[in-house]
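This briefing introduces one protein structure and the ligand that it holds. Please keep the sequence and the three-dimensional view at hand while reading.

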Amino acid sequence: MKNEFKQVVVLTGAGVSAESGLSTFRDGGGLWENHRVEEVATPEAYDRDPELVQRFYNTRRKALKTVEPNVAHKTLAKAEKCFESFLLVTQNVDDLHERAGSKKLLHMHGELLKMRCVQCHKIAPIHEDLQLDRICEHCERTGTLRPHIVWFGEMPFYMDDIMRALMQCDLFVSIGTSGSVYPAAGFVEIANQSGAKTVEINLQRSDQNSHFQQSIQGLASQTVHDFFESITQF
Ligand code: APR
(Lines give C-alpha, C1' and ligand atoms only; values in the text may rest on other atoms or scores of the structure.)
Protein backbone atom coordinates (compact mmCIF):
# COMPACT_ATOMS: atom_id res chain seq x y z
CA MET A 1 0.00 0.00 0.00
CA LYS A 2 1.33 3.43 -0.90
CA ASN A 3 -0.93 5.04 1.68
CA GLU A 4 0.62 8.01 3.36
CA PHE A 5 -2.35 8.18 5.76
CA LYS A 6 -3.38 5.61 8.34
CA GLN A 7 -6.24 7.13 10.33
CA VAL A 8 -8.84 8.82 8.20
CA VAL A 9 -12.01 10.69 9.11
CA VAL A 10 -14.38 11.83 6.35
CA LEU A 11 -17.30 14.19 6.98
CA THR A 12 -20.06 14.40 4.39
CA GLY A 13 -22.98 16.77 3.92
CA ALA A 14 -25.89 17.22 1.56
CA GLY A 15 -23.59 18.01 -1.39
CA VAL A 16 -22.50 14.37 -1.63
CA SER A 17 -26.10 13.32 -2.32
CA ALA A 18 -27.00 16.27 -4.58
CA GLU A 19 -26.07 14.45 -7.78
CA SER A 20 -28.25 11.53 -6.73
CA GLY A 21 -31.17 13.95 -6.86
CA LEU A 22 -31.63 14.93 -3.21
CA SER A 23 -31.75 18.66 -2.73
CA THR A 24 -29.29 20.32 -0.39
CA PHE A 25 -30.43 22.55 2.45
CA ARG A 26 -28.97 25.90 1.61
CA ASP A 27 -28.55 25.97 -2.17
CA GLY A 28 -31.31 27.39 -4.34
CA GLY A 29 -32.99 29.43 -1.63
CA GLY A 30 -33.13 26.57 0.87
CA LEU A 31 -36.90 26.68 1.26
CA TRP A 32 -39.39 23.83 1.68
CA GLU A 33 -43.01 24.83 1.11
CA ASN A 34 -41.92 28.38 1.93
CA HIS A 35 -40.39 27.33 5.26
CA ARG A 36 -36.73 27.67 6.04
CA VAL A 37 -35.29 24.29 7.09
CA GLU A 38 -34.51 25.78 10.49
CA GLU A 39 -38.24 26.40 10.92
CA VAL A 40 -39.34 22.81 10.42
CA ALA A 41 -36.34 21.08 12.00
CA THR A 42 -36.62 22.18 15.62
CA PRO A 43 -38.29 20.71 18.72
CA GLU A 44 -40.29 23.98 18.96
CA ALA A 45 -41.61 23.52 15.42
CA TYR A 46 -42.66 19.98 16.31
CA ASP A 47 -44.48 21.18 19.43
CA ARG A 48 -46.17 23.94 17.44
CA ASP A 49 -47.15 21.99 14.33
CA PRO A 50 -46.26 18.28 14.51
CA GLU A 51 -48.21 17.49 11.35
CA LEU A 52 -46.15 19.92 9.28
CA VAL A 53 -42.89 18.54 10.65
CA GLN A 54 -43.94 14.90 10.09
CA ARG A 55 -44.99 15.82 6.55
CA PHE A 56 -41.57 17.35 5.89
CA TYR A 57 -39.83 14.12 6.92
CA ASN A 58 -42.41 11.86 5.27
CA THR A 59 -41.73 13.70 2.01
CA ARG A 60 -37.99 13.30 2.40
CA ARG A 61 -38.33 9.62 3.35
CA LYS A 62 -40.48 8.95 0.28
CA ALA A 63 -37.88 10.65 -1.93
CA LEU A 64 -35.29 8.01 -0.94
CA LYS A 65 -37.18 5.48 -3.05
CA THR A 66 -36.45 7.49 -6.18
CA VAL A 67 -32.68 7.94 -5.80
CA GLU A 68 -29.52 5.84 -6.02
CA PRO A 69 -25.99 6.26 -4.61
CA ASN A 70 -23.63 8.11 -6.93
CA VAL A 71 -19.93 7.63 -7.63
CA ALA A 72 -18.93 9.72 -4.59
CA HIS A 73 -20.84 7.42 -2.21
CA LYS A 74 -19.34 4.39 -3.97
CA THR A 75 -15.82 5.80 -3.79
CA LEU A 76 -16.14 6.34 -0.03
CA ALA A 77 -17.40 2.78 0.45
CA LYS A 78 -14.32 1.56 -1.41
CA ALA A 79 -11.99 3.92 0.46
CA GLU A 80 -12.85 2.50 3.89
CA LYS A 81 -10.97 -0.68 2.99
CA CYS A 82 -7.80 1.18 2.06
CA PHE A 83 -6.75 2.58 5.43
CA GLU A 84 -5.86 1.07 8.80
CA SER A 85 -8.57 3.13 10.40
CA PHE A 86 -11.42 4.87 8.61
CA LEU A 87 -14.55 6.60 9.88
CA LEU A 88 -17.22 8.17 7.70
CA VAL A 89 -19.29 10.71 9.61
CA THR A 90 -22.30 11.95 7.72
CA GLN A 91 -24.65 14.80 8.47
CA ASN A 92 -26.99 13.29 5.91
CA VAL A 93 -30.13 11.52 7.01
CA ASP A 94 -30.50 9.61 3.73
CA ASP A 95 -29.33 6.00 3.36
CA LEU A 96 -27.16 6.41 0.27
CA HIS A 97 -23.83 5.76 2.01
CA GLU A 98 -25.00 2.39 3.35
CA ARG A 99 -26.62 1.51 0.03
CA ALA A 100 -23.25 2.19 -1.62
CA GLY A 101 -21.67 -0.29 0.81
CA SER A 102 -20.21 1.88 3.59
CA LYS A 103 -19.95 0.03 6.90
CA LYS A 104 -17.76 2.30 9.05
CA LEU A 105 -20.40 5.00 9.11
CA LEU A 106 -22.01 7.21 11.75
CA HIS A 107 -25.14 9.27 11.08
CA MET A 108 -24.54 12.18 13.43
CA HIS A 109 -27.83 13.91 12.51
CA GLY A 110 -29.97 10.77 12.58
CA GLU A 111 -31.68 8.73 9.89
CA LEU A 112 -34.87 9.16 7.88
CA LEU A 113 -35.47 5.42 7.95
CA LYS A 114 -35.70 5.31 11.75
CA MET A 115 -38.24 6.57 14.25
CA ARG A 116 -37.91 6.99 17.99
CA CYS A 117 -40.38 6.86 20.86
CA VAL A 118 -40.06 9.95 23.06
CA GLN A 119 -41.40 7.95 26.03
CA CYS A 120 -39.56 4.62 25.98
CA HIS A 121 -36.69 5.83 23.66
CA LYS A 122 -36.95 2.69 21.52
CA ILE A 123 -35.56 3.23 18.01
CA ALA A 124 -37.27 1.29 15.22
CA PRO A 125 -37.05 1.18 11.42
CA ILE A 126 -39.64 3.03 9.33
CA HIS A 127 -39.96 2.88 5.54
CA GLU A 128 -43.40 4.40 5.08
CA ASP A 129 -45.09 7.61 6.27
CA LEU A 130 -44.97 8.20 10.01
CA GLN A 131 -48.46 9.13 11.21
CA LEU A 132 -49.01 11.17 14.35
CA ASP A 133 -51.35 8.59 15.88
CA ARG A 134 -49.03 5.63 15.30
CA ILE A 135 -48.66 3.31 18.30
CA CYS A 136 -45.19 2.50 19.61
CA GLU A 137 -44.86 -1.27 19.35
CA HIS A 138 -42.53 -1.34 22.32
CA CYS A 139 -44.41 0.65 25.00
CA GLU A 140 -47.80 0.69 23.22
CA ARG A 141 -48.32 4.40 23.74
CA THR A 142 -49.97 6.45 21.00
CA GLY A 143 -48.53 9.62 19.45
CA THR A 144 -45.07 9.27 20.94
CA LEU A 145 -43.12 8.41 17.80
CA ARG A 146 -41.00 11.06 16.10
CA PRO A 147 -38.42 10.96 13.30
CA HIS A 148 -35.00 9.81 14.58
CA ILE A 149 -33.49 13.07 13.41
CA VAL A 150 -31.33 15.56 15.28
CA TRP A 151 -33.13 18.90 15.19
CA PHE A 152 -31.57 22.31 15.69
CA GLY A 153 -30.86 22.75 19.38
CA GLU A 154 -30.48 18.99 19.98
CA MET A 155 -27.23 17.14 20.60
CA PRO A 156 -25.89 15.21 17.58
CA PHE A 157 -25.35 11.47 17.99
CA TYR A 158 -22.01 9.65 18.49
CA MET A 159 -20.08 12.77 19.52
CA ASP A 160 -17.70 10.83 21.81
CA ASP A 161 -16.72 8.41 19.04
CA ILE A 162 -16.36 11.22 16.53
CA MET A 163 -14.20 13.37 18.81
CA ARG A 164 -11.96 10.41 19.59
CA ALA A 165 -11.46 9.69 15.88
CA LEU A 166 -10.78 13.36 15.10
CA MET A 167 -8.15 13.57 17.82
CA GLN A 168 -6.33 10.55 16.40
CA CYS A 169 -6.69 11.11 12.66
CA ASP A 170 -3.92 12.03 10.25
CA LEU A 171 -6.30 12.93 7.41
CA PHE A 172 -9.62 14.74 7.64
CA VAL A 173 -11.68 15.22 4.49
CA SER A 174 -14.86 17.29 4.41
CA ILE A 175 -17.13 16.71 1.41
CA GLY A 176 -20.24 18.58 0.24
CA THR A 177 -21.03 20.58 3.34
CA SER A 178 -21.49 24.32 3.67
CA GLY A 179 -19.79 24.32 7.08
CA SER A 180 -22.56 26.39 8.57
CA VAL A 181 -23.89 23.99 11.20
CA TYR A 182 -21.97 23.20 14.39
CA PRO A 183 -20.54 21.02 15.81
CA ALA A 184 -19.68 19.47 12.40
CA ALA A 185 -18.45 22.85 11.14
CA GLY A 186 -15.79 22.81 13.89
CA PHE A 187 -14.37 19.36 13.11
CA VAL A 188 -11.70 20.81 10.82
CA GLU A 189 -10.20 22.83 13.64
CA ILE A 190 -10.03 19.78 15.90
CA ALA A 191 -8.36 17.80 13.12
CA ASN A 192 -5.88 20.64 12.57
CA GLN A 193 -5.04 20.63 16.27
CA SER A 194 -4.45 16.87 16.02
CA GLY A 195 -1.84 17.50 13.34
CA ALA A 196 -3.94 15.96 10.57
CA LYS A 197 -3.92 17.03 6.95
CA THR A 198 -7.27 18.72 6.30
CA VAL A 199 -8.91 18.75 2.88
CA GLU A 200 -12.16 20.34 1.75
CA ILE A 201 -13.98 19.00 -1.32
CA ASN A 202 -16.99 21.14 -2.22
CA LEU A 203 -18.70 22.79 -5.15
CA GLN A 204 -17.64 26.16 -3.79
CA ARG A 205 -15.57 27.40 -0.87
CA SER A 206 -17.49 26.68 2.32
CA ASP A 207 -17.81 28.92 5.37
CA GLN A 208 -14.90 26.97 6.91
CA ASN A 209 -12.68 27.00 3.82
CA SER A 210 -9.89 29.10 5.36
CA HIS A 211 -9.29 26.41 8.02
CA PHE A 212 -8.46 23.69 5.48
CA GLN A 213 -4.92 23.08 4.26
CA GLN A 214 -6.13 21.93 0.85
CA SER A 215 -9.26 22.95 -1.02
CA ILE A 216 -10.71 21.19 -4.05
CA GLN A 217 -13.68 22.73 -5.85
CA GLY A 218 -15.94 20.72 -8.12
CA LEU A 219 -18.71 18.15 -8.32
CA ALA A 220 -18.41 15.41 -5.72
CA SER A 221 -18.95 12.75 -8.41
CA GLN A 222 -15.65 13.74 -10.01
CA THR A 223 -13.48 15.21 -7.28
CA VAL A 224 -13.98 12.58 -4.55
CA HIS A 225 -12.83 9.71 -6.74
CA ASP A 226 -9.86 11.65 -8.11
CA PHE A 227 -8.76 12.69 -4.64
CA PHE A 228 -8.85 9.19 -3.13
CA GLU A 229 -7.22 7.72 -6.21
CA SER A 230 -4.37 10.20 -5.77
CA ILE A 231 -3.66 9.15 -2.17
CA THR A 232 -4.31 5.42 -2.28
CA GLN A 233 -4.31 2.39 -4.54
CA PHE A 234 -7.83 1.60 -5.59
N1 APR B 1 -20.70 18.30 -5.21
C2 APR B 1 -20.04 18.87 -4.15
N3 APR B 1 -20.61 19.80 -3.37
C4 APR B 1 -21.86 20.18 -3.64
C5 APR B 1 -22.60 19.64 -4.72
C6 APR B 1 -21.96 18.65 -5.53
N7 APR B 1 -22.57 18.08 -6.56
N8 APR B 1 -23.83 20.22 -4.74
C9 APR B 1 -23.85 21.09 -3.73
N10 APR B 1 -22.68 21.08 -3.05
C11 APR B 1 -22.28 21.85 -1.86
C12 APR B 1 -22.90 23.23 -1.79
O13 APR B 1 -22.09 24.16 -2.48
C14 APR B 1 -22.96 23.49 -0.30
O15 APR B 1 -21.80 24.16 0.17
O16 APR B 1 -22.78 21.16 -0.74
C17 APR B 1 -23.01 22.08 0.32
C18 APR B 1 -24.34 21.73 0.95
O19 APR B 1 -24.55 22.59 2.04
P20 APR B 1 -25.89 22.55 2.89
O21 APR B 1 -27.08 22.60 2.00
O22 APR B 1 -25.77 23.61 3.93
O23 APR B 1 -25.89 21.10 3.57
P24 APR B 1 -25.08 20.59 4.85
O25 APR B 1 -23.79 21.29 4.99
O26 APR B 1 -25.07 19.12 4.77
O27 APR B 1 -26.06 21.03 6.02
C28 APR B 1 -25.67 20.71 7.34
O29 APR B 1 -27.77 21.51 8.18
O30 APR B 1 -30.07 21.71 7.99
C31 APR B 1 -29.04 21.03 8.60
O32 APR B 1 -29.14 18.96 9.62
C33 APR B 1 -29.08 19.56 8.35
O34 APR B 1 -27.27 18.01 8.10
C35 APR B 1 -27.75 19.27 7.69
C36 APR B 1 -26.89 20.41 8.18
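A residue is called buried when its relative accessible area is under 20%. Phe227, with a relative accessible area of 5%, is therefore buried. The structure is a predicted model, and the points below treat first the ligand and then the aromatic rings.

**Surroundings of the ligand**

- There are 23 residues around the ligand, and those that come nearest are Ala14, Phe25, Arg26, Thr177 and Ser178.
- By character, this shell consists of 9 nonpolar, 11 polar and 3 charged residues.
- The ligand takes up the space of the largest pocket.

**Polar contacts of the ligand**

- Ala14, one of the residues that come nearest to the ligand, places a backbone N or O atom 2.8 Å from an oxygen atom of the ligand.
- Gln91 also contributes a backbone N or O atom, which lies 3.1 Å from an oxygen atom of the ligand.
- In the case of Ala220, a polar backbone atom is 2.9 Å from a nitrogen atom of the ligand.
- Each of these three distances can be compared with the cut-off for a polar contact, which is a pair of N or O atoms within 3.5 Å.
- On its own the ligand has 740 Å² of accessible area, and the protein covers 95% of this area.

**Aromatic pairs and their burial**

- The count of aromatic pairs in the model comes to 8.
- Phe56 and Tyr57 form one such pair, with 4.8 Å from centre to centre and 80 degrees between the planes, and the pair is edge-to-face.
- An angle over 60 degrees between the planes counts as edge-to-face, so the 80 degrees found for Phe56 and Tyr57 lead to this label.
- Phe56 counts as buried because its relative accessibility is 1%.
- Tyr57 has a relative accessible area of 4%, and therefore it is buried as well.
- Phe227 and Phe228 form another edge-to-face pair, with 5.3 Å between the centres and 80 degrees between the planes.
- Phe228 has a relative accessible area of 0% and is therefore buried, and its partner Phe227 is buried at 5%.

**A cluster of rings**

- Phe56 and Tyr57 also belong to a cluster, in which ring pairs link them with Tyr46 and Trp151.

Terms used:
Residues are numbered from 1 along each chain as its sequence is written. This is a predicted model: local features need pLDDT of at least 70, side-chain atom pairs count only at pLDDT 80 or more; totals for chains, interfaces and linings use all residues. Side-chain values use heavy atoms; hydrogens and water are left out. A residue is near a molecule or strand if one of its heavy atoms lies within 4 Å of it. A polar contact is a pair of N or O atoms within 3.5 Å; within protein, one must be able to donate a hydrogen and the other to accept it, and residues adjacent in sequence count only if both atoms are side-chain atoms. Accessible areas come from the Shrake-Rupley method with a 1.4 Å probe; for residues, only the protein chains shown count as cover. On a 1 Å grid over the protein atoms alone, a cavity is a set of points where a 1.4 Å probe fits but cannot get out, and a pocket is an open set with protein on both sides within 12 Å along at least five of seven lines; lining residues have an atom within 4 Å of a point. A molecule sits in a cavity or pocket if more than half of its atoms lie within 2 Å of its grid points. Ala, Val, Leu, Ile, Met, Phe, Trp, Tyr, Cys and Pro count as nonpolar, Asp, Glu, Lys and Arg as charged, and the others, Gly among them, as polar. Rings of Phe, Tyr and Trp (its six-membered ring) pair if their centres lie within 6.5 Å; planes under 30 degrees apart count as stacked, over 60 as edge-to-face and the rest as tilted. Buried means under 20% relative accessible area, exposed over 50%, partly exposed in between (1.4 Å probe, protein chains only).
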